[in-house]
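Reader: I've got a model open and some labels I'd like to see justified. Can you walk me through them?

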Amino acid sequence: MTHVRVFDGRRLTEPRTVVIAGGVISPDTSVTGAKVVEGDGMILMPGLIDAHVHLHGPQTLEQLCSYGVTTALDMATWPPQLLASLRNTPGVTDIRSAGTPAIGTGGPHAKIPGMAADAVVRTPQQAAEFVAAQVSAGSDYIKIVAEAPGKGGPNQETVDALVAAAHTHGKLAVAHAATAGAYRMALDAGVDILTHIPLDQPLSPSDIARMAAEGRAAVPTLTMMEGTAAARGAAPAYRTARQNVAALHQAGVPVLAGTDANTQPGVPFQVPHGPSLHHELQLLVDAGLTPAEALNSATAGPARHFSLTDRGSITPGQRADLLLIDGDPLADIRASRNIRRIWCGGTETAPA
């Protein structure tokens, strides 16, 4: 690609040439013998990473890819055979996954139709066995569904044991925490990444300070929280979620973009795969992130926190996950939607 302005994580560069070779970004910018794409001054961005999705089949990957989501971090898909069939599929969105999540005997997740029976972890003694099984099945990190005490999730001792077992295996512990009570439980247990953001009440200043001091990251899934609030007839509650994200960001807590995209019956809101990440970027900017910070929350940020060292920036040797954008997303984040061309691992795919 010639004459493209590259988003380097902070700003746009002067027009330059970027060469793809063997599925990665080449250090050699010579175009001799290459197929040349004239960039006409358009913006070249790293492929987007959605840090919270749910997978339902090959069509999910194709749809995500067509909206420029070149990496998806799945937070619960079962059975393992379905997940295995979606991994390492060339030319479409690359995935990492928690596999089966750990849930309690009650709460909303226990009522999801078709939920895996082995997802239920009743006691601290079961935690190590559950985590070992997920690691054996190929889980990249461990997902724990935390609910406020008494609301049907695993109790504090069990969440503690799940986190400890995850860390013993060298895996990140990621917690679903959609209420202030669940957030505190997850923090007490030592999880690494909290996904969702409370609608019910503001996070306490002490919990926010603890997250910042201990290097925890948040994936607020504002798109899901917005939809959930509306579905419950409590749209004003979304303001609490937005304020919580603003408070985390102001305190220096890393905020990562994720949507909770799903087509799962029985959940509060079905978030479409792909376009929702662009909506999430808008909501993050509305909550106080700059456009550059929002773009980083969907590129370099999740790459760093999930140890995806081969992606998230446009530098030689990185995976060639690239979007060519017509418009300046640093001036107006909505320009991220104006995708003209997409490369996923160096393979070009058509935008939606």
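Author: Here are some questions about the labels, with the reasoning behind each one. Keep in mind that this is a predicted model.

Reader: Let's begin with the overall picture. What makes the size of the chain agree with a compact globule?

Author: For 352 residues, a compact globule would have a radius of gyration near 20 Å, and the protein chain has 20 Å, so the two agree. The C-alpha atoms fill a box of roughly 65 × 40 × 35 Å along the principal axes. As for what's inside, the chain has 11 helices and 14 strands, and 53% of the 352 residues count as buried. Among contacts with a separation of 6 or more, 65% are between residues 24 or more positions apart. The chain exposes about 13700 Å², with carbon and sulfur atoms supplying 51% of that.

Reader: Why is the pair of arginine 87 and aspartate 140 called a salt bridge?

Author: The cut-off is 4 Å between a side-chain nitrogen of Lys or Arg and a carboxyl oxygen of Asp or Glu. The N to O distance here is 2.9 Å, so the pair qualifies. It also links distant parts of the chain: arginine 87 sits in the loop between helix 2 (80-86) and strand 7 (94-97), while aspartate 140 sits in the loop between helix 3 (124-137) and strand 8 (142-145), 53 residues apart. A search of the whole structure turns up 14 salt bridges.

Reader: Why is aspartate 140 called partly exposed?

Author: Its relative accessible area is 26%. Buried means under 20% and exposed means over 50%, so aspartate 140 falls in between.

Reader: What about aspartate 94 and arginine 96: which is buried and which is partly exposed?

Author: Aspartate 94 has a relative accessible area of 10%, so it is buried. Arginine 96 is at 23%, so it counts as partly exposed. These two form a salt bridge, with the closest N and O atoms 3.0 Å apart. They also belong to a network of salt bridges that links Asp94, Arg96, Asp310 and Arg311.

Reader: How do you know that arginine 210 and aspartate 188 tie together separate parts of the sequence?

Author: Their side chains meet in a salt bridge at 2.9 Å, N to O. Arginine 210 lies in helix 6 (residues 205-214) and aspartate 188 in helix 5 (residues 180-189), so the pair ties together parts that are 22 residues apart in sequence. Arginine 210 has a relative accessible area of 22%, so it is partly exposed. Aspartate 188, at 44%, also counts as partly exposed, because it is not over 50%.

Reader: On to helix 9. How do you know that its span agrees with its number of residues?

Author: Its 12 residues (275-286) should span 16 Å at 1.5 Å a residue, and the end C-alpha atoms are 17 Å apart, so the span agrees. The buried residues of helix 9 are Ser276, Leu277, His278, Glu280, Leu281, Leu283 and Leu284. Their cover includes strand 5 (48-53), helix 8 (238-251) and strand 13 (339-344), among others. Just after helix 9, glycine 288 takes a positive phi of about 125°.

Reader: Last one: why is glutamine 134 called buried?

Author: Glutamine 134 has a relative accessible area of 7%, and the cut-off for buried is under 20%, so the label fits. This residue is in helix 3. Leaving out residues up to four places away in sequence, glutamine 134 touches Thr100, Ser139 and Ile142.

Technical notes. Residues numbered from 1 in each chain as written. Predicted model: local features only at pLDDT ≥ 70, side-chain atom pairs only at ≥ 80, totals over all residues. Heavy atoms only, no water. Helix = DSSP H or I, 4+ residues; strand = E, 2+ residues; numbered from the N terminus. Buried < 20%, exposed > 50% of the residue type's maximum accessible area, 1.4 Å probe, protein only. Expected span 1.5 Å × (residues − 1). Contact = heavy atoms within 4.5 Å. Rg over C-alpha atoms; globule rule 2.2 N^0.38 Å. Areas by Shrake-Rupley, 256 points an atom, 1.4 Å probe, with all protein chains shown as cover.
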